[in-house]
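I opened the notebook to go through one protein chain, strand by strand and then inside. The entries are in the order in which I looked things up.

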Amino acid sequence: VKNQIVFEDETVTYGQCLDRNCEDARWKVFTSDNGKQVVQFDGTMIYDGQLSEILIQFTYKETTGRWLINYAGINGTALDGIGLTRLSTYLSRNYQS
């Protein structure tokens, strides 16, 4: 997961974005109740001007050979597709600056 690129047309990985942008970055692997391997990231960062707790869970999709975000939340609230795109864009841009 940490080595997979965030957007297919860029070279920034999830690991680079999350480890650089977040304090107290923690990665862990566990098996879900339905037997899937899950990689979970959590950490704190300044997002939208406030200290925020970020939680992202990835699952592996065999057909594409890629790790996909299965869940993402900020301060305990799940993000929808627009919120996830906004967070991913912020992380990628902030990494490059």
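The entries below cover confidence, the sheet, its hairpins, the helix packed on it and the cavity search.

**Entry 1, confidence.** I noted at the start that this is a predicted model. I looked up the pLDDT for the protein chain and found an average of 87, with 89% of the residues scoring at least 70. I then asked where confidence is lowest and where it is highest. The lowest mean is 82, in α2, and the highest is 96, in β5. I keep a general caution here: where pLDDT is low, the predicted coordinates should not be read in detail.

**Entry 2, the sheet.** I asked in what order the strands lie. I read five strands in an open sheet, ordered β1-β2-β3-β4-β5, with antiparallel pairing. The edges are taken by β1 (23-31) and β5 (77-78); each has a single partner strand, so one side of each has no neighbour in the sheet.

**Entry 3, α1 on the sheet.** I checked which strands α1 touches. The helix packs on the sheet and is in contact with β1, β2 (37-47), β3 (50-61) and β4. The direction of α1 makes about 135 degrees with that of β1.

**Entry 4, β1 and β2.** I went through the pairs in sheet order. Seven bridges join β1 to β2, and the two strands run antiparallel. I looked up the partner of R26 and found D42 in β2. The two strands form a hairpin with five residues between them. In that turn G35 has a positive phi of about 85 degrees.

**Entry 5, β2 and β3.** I counted ten bridges for this antiparallel pair. Across it, I46 stands opposite L51 in β3. The hairpin of β2 and β3 has two residues between the strands, and D48 takes a positive phi near 55 degrees there.

**Entry 6, β3 and β4.** Eight bridges join these strands, again antiparallel. I found Q57 opposite Y71 in β4. Four residues lie between the strands of this hairpin, and G65 in the turn has a positive phi of about 70 degrees.

**Entry 7, β4 and β5.** I asked how many bridges join β4 (residues 66-74) to β5. There are two, and the strands run antiparallel. I74 stands opposite T77 in β5. The hairpin has two residues between the strands, and N75 takes a positive phi near 50 degrees.

**Entry 8, the cavity.** I searched the whole structure for cavities of 30 Å³ or more and found one. About 70 Å³ of space lies in the largest cavity. I then listed its lining, which comes to ten residues; Y14, I56, I69, S88 and L91 lie nearest the centre. The elements giving two or more residues to this lining are α1 (14-21) and α2 (81-96). I asked which element gives the most. The answer is α2, with four residues.

**Entry 9, character of the lining.** I sorted the lining residues of the largest cavity by type. Nine are nonpolar, one is polar and none is charged. I put a reminder beside this entry that α2, which gives the most residues to the lining, is also where mean confidence is lowest, at 82.

Notes. Residues numbered from 1 in each chain as written. Predicted model: local features only at pLDDT ≥ 70, side-chain atom pairs only at ≥ 80, totals over all residues. Heavy atoms only, no water. 1 Å grid on protein atoms, 1.4 Å probe; cavity = no way out; pocket = protein on both sides within 12 Å on 5 of 7 lines; lining within 4 Å. Points joined across faces, edges and corners; volume = space filled by probe spheres on them. Nonpolar A, V, L, I, M, F, W, Y, C, P; charged D, E, K, R; others polar. Pairing = 2+ DSSP bridges. Contact = heavy atoms within 4.5 Å. Axes fitted to C-alpha atoms, helices over the stretch in contact; angles between N-to-C directions. pLDDT = per-residue confidence, 0-100.
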